[in-house]
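Thanks for coming, everyone. I'd like to walk you through one model today, going residue by residue through the parts I found worth a look. Have the picture up while I talk.

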Amino acid sequence: MIQIEDLEEYQLIKETKEGMVSSMDDKSQMKKMLLHICSSGGKNIRPVMLVLCTEMCGGNSRVSINAALAIELIHSASLIHDDVLDDGVLRRGVESAHKKYGIPAAILCGDFLISKAISLISSYGTDSVLEFGRAGMYMAEGETIDISSADNEFRKKNYFDCISKKTASLFAASAAIGAYVAGADRDLALKLRDFGECVGNAYQIVDDLLEYLDRLEDKQSTYESVTLPLIYRRVMDHDSAVEKTLQQVRDCVQSAKDILASFPSSDARDKLELVTDLITVDMLPGDIL
């Protein structure tokens with residue numbers, strides 16, 4: 001079965017990111033931290049989506065590569081900062097940056113990545129820059145909602161507000177920016193923004209469900225967020241909570257695919273549908289489907 005790492009778009013992004021880090025001064029402490037962060041792998045999901053959306057809208061993948069790298073860098077920065085907030089111990093099976101290098105160094109590394117991301121996205125025009133900035137603000141706002149989620153008043157609507165900002169906003173921006181890079185108009189870009197948000201919501205719900213089921217082996221944090229299955233569990237039994245959460249995933253994935261279906265058939269569209277499945281329903285263990 002084809003995986004994200006098999007896509008040429010993934011390889012292009014991976015090579016570009018590695019080239020950026022290798023070009024830094026070998027004596028730089030920042031380079032050492034970035035090499036550590038890169039060693040944890042990652043599927044480059046969001047930048048891959050950006051490049052594929054550019055291709056689906058008739059654009060050139062290489063023209064979109066710096067925008068894709070900007071998305072990956074701000075995502076990496078958010079993970080570093082999230083781990084500091086959540087006292088994350090492991091990230092993708094690798095020791096978190098603040099555990100290895102200390103909190104001050106980790107925060108500064110995140111700041112460096114955000115600054116580098118801004119410099120990369122800045123040449124793409126107002127619409128792309130605004131999408132990028134919107135996502136960055138939403139990610140921070142979503143994290144503040146997550147921090148307060150331990151409150152018993154945290155409900156389903158609060159959860160979806162949280163994940164749509166904390167997680168789905170960067171998926172949404174990736175898809176919309178991909179369209180803008182290809183020269184698409186605002187209506188088309190907003191349609192792809194909706195696609196990205198649906199995928200991002202499904203992705204986060206799957207992650208939360210796997211955590212609820214204790215099926216995440218490469219991630220460990222001290223702080224536990226209030227997630228959708230935990231909210232359902234307040235009023236129903238375990239199996240019902242799992243099934244209801246699964247239905248939310250299916251609904252989000254179907255909405256994303258409905259949007260893709262409105263575009264002409266193409267290799268890029270097929271790949272976007274593949275990526276959508278790979279990071280959502282295909283991540284779920286067979287015994288709960």
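**Rings, cores and a pocket**

Let's begin with Tyr159, which is buried, at a relative accessible area of 2%. Before I go on, a reminder that what you're looking at is a predicted model.

So, what does the ring of Tyr159 pair with? Its partner is Phe160: the ring centres are 5.4 Å apart and the planes sit at 80°, so this pair is edge-to-face. Searching the whole structure turns up two aromatic pairs. The other pair is Phe171 with Tyr203, where the centres are 5.4 Å apart and the planes are at 45°, so that one is tilted.

Where do those two residues sit in the chain? Phe171 is in helix α9, residues 168-181, and Tyr203 is in helix α10, residues 186-212. They are 32 residues apart, and the pair links distant parts of the chain. Are they buried or exposed? Phe171 counts as buried because its relative accessibility is 0%, and the cut-off for buried is under 20%. Tyr203 has a relative accessible area of 23%, so Tyr203 is partly exposed.

While we're on rings, there are two lysines to point out. Lys165 has its charged end over the ring of Tyr138, 5.7 Å from the ring centre. Then there's Lys191, over the face of Phe263, with 5.4 Å to the centre of that ring.

On to the cores. The largest nonpolar core has 65 residues, and Ile177 and Phe195 are the ones that touch the most other members. Which helix gives the most to this core? That's helix α4, residues 65-86, with 10 residues. If you click on Ile177 and ignore residues up to four places away in sequence, you'll find it touching Leu50, Ala67, Ile71, Ile121, Ser128, Glu131 and Phe132. Apart from that core there is another, of 23 residues, and our opening residue Tyr159 is among them, along with Leu246, Val249 and Leu284.

Let me stay with helix α4 a moment, since Ala68 is in that helix. Ala68 is buried, with a relative accessible area of 0%. Setting aside neighbours within four places in sequence, Ala68 is in contact with Ile13, Pro47, Leu50 and Val51. Between Ala68 and Cys57 there are 15 Å, C-alpha to C-alpha, and the two are 11 residues apart in sequence.

Now Leu209, back in helix α10. Leu209 is also buried, at 0% relative accessibility. What does Leu209 touch, leaving out neighbours within four places in sequence? The contacts are Pro229, Val242, Thr245, Leu246, Leu284 and Ile288. You may remember Leu246 and Leu284 from the 23-residue core. Going from Leu209 to Ser128, the C-alpha atoms are separated by 32 Å, and the residues are 81 apart along the chain.

Here's a lysine to look at: Lys271, in helix α13, residues 267-278. Buried or exposed? Lys271 has a relative accessible area of 12%, so with the cut-off for buried at under 20%, Lys271 is buried. Again leaving out neighbours within four places, Lys271 is in contact with Leu7, Glu8, Glu9 and Leu52.

Next, empty space. The second largest pocket holds about 210 Å³. Which elements give two or more residues to its lining? Those are α4 and α7, the latter being residues 126-147. The largest share of that lining, six residues, comes from α4. Among the lining residues are Ile74, His81, Asp82, Met139, Glu143 and Lys166.

Last topic, the backbone. Most residues other than glycine have a negative phi. Against that background, look at Asn44, with a positive phi near 55°. Asn44 is in the loop between α2 (29-39) and α3 (45-56), and counts as buried at 3% relative accessibility. Asp214 has a positive phi too, near 60°. That residue lies in the loop between α10 and β3 (219-220). Asp214 counts as exposed, though, at 66% relative accessibility.

That's my tour. If you'd like one place to go back to, try Tyr159: a buried residue with its ring edge-to-face to Phe160.

Key. Residues numbered from 1 in each chain as written. Predicted model: local features only at pLDDT ≥ 70, side-chain atom pairs only at ≥ 80, totals over all residues. Heavy atoms only, no water. Phe/Tyr/Trp six-rings, centres within 6.5 Å; stacked < 30°, edge-to-face > 60°. Buried < 20%, exposed > 50% of the residue type's maximum accessible area, 1.4 Å probe, protein only. Helix = DSSP H or I, 4+ residues; strand = E, 2+ residues; numbered from the N terminus. Lys NZ or Arg CZ within 6 Å of the ring centre and 35° of its normal. Core = buried A, V, L, I, M, F, W, Y, C linked by side-chain atoms within 4.5 Å. Contact = heavy atoms within 4.5 Å. 1 Å grid on protein atoms, 1.4 Å probe; cavity = no way out; pocket = protein on both sides within 12 Å on 5 of 7 lines; lining within 4 Å. Points joined across faces, edges and corners; volume = space filled by probe spheres on them.
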